[in-house]
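Colleague: Got a minute to go through this one with me? Put it up and I'll ask as we go.

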There are 2 protein chains.
Amino acid sequence: MILTVTPNSALDVTYTVDGLRPDSVHRVREMRARAGGKGINVARVLHTLGEDVRAVATAGGATGNAFTAELSEAGIPADLVPVGGETRRTTTILSTVDDTVTLFNEPGPDLSAQEWTSLVDTVGRHTPDVLVCSGSLPPGAGGYAELLTTGVPAILDTSGAALTAGLSGRPSVVKPNLAELREVTGRADPVAAATELRSRGAGTVVVSLGADGLLAVTEHGVWQAAPSKTLTGNATGAGDAAVAGIALGIAGGEPWPGILRRAVALSGAAVLGPLAGDIDLAHYRRELGAVVVRALPN
Amino acid sequence: MILTVTPNSALDVTYTVDGLRPDSVHRVREMRARAGGKGINVARVLHTLGEDVRAVATAGGATGNAFTAELSEAGIPADLVPVGGETRRTTTILSTVDDTVTLFNEPGPDLSAQEWTSLVDTVGRHTPDVLVCSGSLPPGAGGYAELLTTGVPAILDTSGAALTAGLSGRPSVVKPNLAELREVTGRADPVAAATELRSRGAGTVVVSLGADGLLAVTEHGVWQAAPSKTLTGNATGAGDAAVAGIALGIAGGEPWPGILRRAVALSGAAVLGPLAGDIDLAHYRRELGAVVVRALPN
């Protein structure tokens with residue numbers, strides 16, 4: 001079983017508008033709301049693939065109720081930790097005229113010390129094959145390192161101080177993008193920066209390169225995996241789908257080239273899905289054999 | 001007592017962001033939520049002025065609960081008609097970098113025939129000095145004309161088909177802006193267009209001219225009222241504040257020049273208020289004596 005953890009969960013609301021014009025009034029043509037937050041997106045992708053997955057997340061207030069109801073409707077198994085604050089919303093504006101995607105993310109509620117302990121205890125009650133810790137930490141949360149001490153292979157997908165502090169928990173994999181990698185290391189060269197993160201506690205560093213795919217700096221070598229072609233669509237959630245692929249590969253004991261192939265194929269399938277957490281299964285199956293993986297000098 | 005009616009009420013959510021950049025991710029710096037919809041804004045202005053006002057509105061679902069709670073917290077007396085659908089949200093993005101105001105309005109839930117009847121009955125239980133009917137009609141609603149048959153002076157502030165059909169209820173005042181006036185009459189000249197609306201059932205037509213103030217075509221003459229200076233701020237809710245001023249003037253039996261002075265002063269006070277329904281009382285008091293009203297040839 002793969003267990004995902006989302007301390008700063010969200011109700012993702014998507015508004016479709018004809019065009020986004022700053023300083024004017026827009027009529028929302030279509031509105032969709034679903035449970036979100038990076039770990040929930042990972043769980044949704046794995047659930048769509050028919051994998052055994054479980055989500056741990058916080059939920060509070062009326063927005064938390066809507067979050068809980070949608071997760072249950074989607075059939076994603078979850079352990080929800082009740083919190084006193086109101087679960088945040090993220091609002092995505094999809095403009096059909098020019099295909100732009102504009103996001104507004106609320107910061108989310110603070111956690112009490114007791115709520116954080118309850119989250120840690122909930123994670124500790126499970127013995128997953130892979131643990132996935134995703135997203136920002138709300139104020140009042142402890143550190144991801146507290147969740148990573150179970151001896152289970154773990155993927156940590158966060159940024160800034162939460163990533164830096166989380167390295168002391170020795171995560172098997174961290175997955176920064178280029179900007180996040182530079183922010184925590186101060187280094188412009190991705191391989192040098194990733195090597196530094198490895199020396200600070202990460203087992204493998206998988207760097208997302210956007211449309212260029214993934215770069216993995218591992219104990220056994222360095223690989224770059226590129227999609228067979230450039231895709232246009234909604235890139236929100238593409239990184240989470242890549243994490244789902246990495247988790248799936250690790251759970252199956254695959255070598256890194258195979259893991260990266262899966263992650264890049266799922267990432268592309270997410271770009272083609274309409275909302276974060278959606279994937280185009282046909283693209284995933286086709287692309288699995290088409291991703292180009294090459295070893296780089298270490 | 002002034003009674004306002006808001007069939008398509010809303011929870012108005014305001015996000016403050018550093019700058020609005022289409023096709024990118026924004027962190028919401030500050031978030032405020034309050035009961036809204038045009039009639040609620042009118043009631044909030046009158047309540048701030050210490051006037052005897054009551055709001056009739058629909059409320060449903062979790063968003064309706066938040067709407068109800070905020071209205072009660074603000075101390076605005078209200079009769080809320082429960083509806084099965086979820087009360088809509090409007091989201092306003094305030095960008096602090098360039099002072100832009102960008103709105104996203106959800107369409108709102110359909111009303112059942114029974115819910116509409118319940119709204120009509122709720123309005124009918126009151127005998128206000130002035131009745132104010134504001135905003136769009138949700139699908140399933142009857143027409144505003146059904147609310148206007150009580151013999152009470154009534155202000156109708158809506159647009160399109162809801163305005164056209166509402167004229168058969170012979171409202172004392174309608175308050176289109178220039179675009180709305182042109183849309184329902186097909187006429188470019190505002191005095192000619194307003195005169196046509198009078199012939200179709202409106203007692204007085206008050207046309208909002210944006211920063212140029214108000215134009216009133218009445219039984220007794222035509223007046224234009226202009227603010228003493230151009231204001232910069234959040235114009236959302238400025239029209240509702242003008243309606244509050246018109247209602248107050250009619251309730252007090254004022255002649256039209258005085259009513260327009262009040263409406264223009266309140267409209268400017270709303271531009272200076274941070275959110276729709278807020279007014280700058282000091283500006284209102286100062287501006288009351290400074291608004292320039294002149295009679296125009298009929």
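Modeller: What follows covers a strand, a helix pair and the contact between the chains, and the model is a predicted one.

Colleague: Start with strand S1 of chain B. How many of its residues are buried?

Modeller: S1(B) covers residues 2-6, and 5 of its 5 residues are buried.

Colleague: Which ones point which way?

Modeller: Ile2(B), Thr4(B) and Thr6(B) point one way, while Leu3(B) and Val5(B) point the other way.

Colleague: Why the split?

Modeller: Because side chains in a regular strand alternate between the two faces of the sheet.

Colleague: And which strands does S1(B) pair with?

Modeller: One is S5(B), residues 53-59, parallel to S1(B) over 5 bridges. Another is S9(B), residues 130-134, also running parallel to S1(B), with 4 bridges.

Colleague: Which residue in S5(B) is the bridge partner of Thr4(B)?

Modeller: Ala55(B). On the S9(B) side, Ile2(B) has Val130(B) as its bridge partner.

Colleague: Switching to helices. How do H7 and H8 of chain B sit, parallel or antiparallel?

Modeller: The axes of H7(B), residues 238-251, and H8(B), residues 256-272, cross at roughly 150 degrees and come within 7 Å. Angles over 145 degrees count as roughly antiparallel, so H7(B) is roughly antiparallel to H8(B).

Colleague: Left-handed or right-handed crossing?

Modeller: H7(B) and H8(B) make a right-handed crossing. Residues in that contact include Ala241(B), Gly245(B) and Leu248(B) from H7(B), and Ile259(B), Arg262(B) and Leu266(B) from H8(B).

Colleague: What does that contact divide into, by residue type?

Modeller: For H7(B) with H8(B), 14 nonpolar, 4 polar and 1 charged.

Colleague: OK, the two chains. How many residues does each put into the contact?

Modeller: Chain A puts in 24 residues and chain B puts in 24 residues.

Colleague: Which elements of chain A supply at least two residues?

Modeller: Strands S2 (10-17), S3 (25-27), S7 (88-95) and S8 (100-105) of chain A do, along with helix H2 (61-74) of chain A.

Colleague: Which gives the most?

Modeller: S8(A), with 6 residues on the side of chain A that touches chain B. By type, that side of chain A divides into 14 nonpolar, 7 polar and 3 charged residues.

Colleague: Back to S3(A). Which strand of chain B does S3(A) pair with?

Modeller: S8(B), residues 100-105, in the parallel sense over 3 bridges. Within that pairing, Leu103(B) of S8(B) stands opposite Val25(A).

Note on methods:
Residues are numbered from 1 along each chain as its sequence is written. Chains are lettered from A and ligands numbered from 1 in the order in which they are written. This is a predicted model: local features need pLDDT of at least 70, side-chain atom pairs count only at pLDDT 80 or more; totals for chains, interfaces and linings use all residues. Axes are lines fitted to C-alpha atoms, for helices over the stretch in contact, and angles run from 0 to 180 degrees between N-to-C directions. Angles under 35 degrees count as roughly parallel, over 145 as roughly antiparallel, 65 to 115 as roughly perpendicular and the rest as oblique. A crossing is left-handed if the near helix is turned anticlockwise from the far one by less than a right angle, and right-handed if clockwise. Two residues are in contact if their C-beta atoms, placed from the backbone, lie within 7 Å. Ala, Val, Leu, Ile, Met, Phe, Trp, Tyr, Cys and Pro count as nonpolar, Asp, Glu, Lys and Arg as charged, and the others, Gly among them, as polar. A residue is buried if 20 or more other C-beta atoms lie within 10 Å of its own, exposed if 12 or fewer, and partly exposed in between; C-beta atoms are placed from the backbone. Two strands pair if DSSP finds at least two bridges between them.
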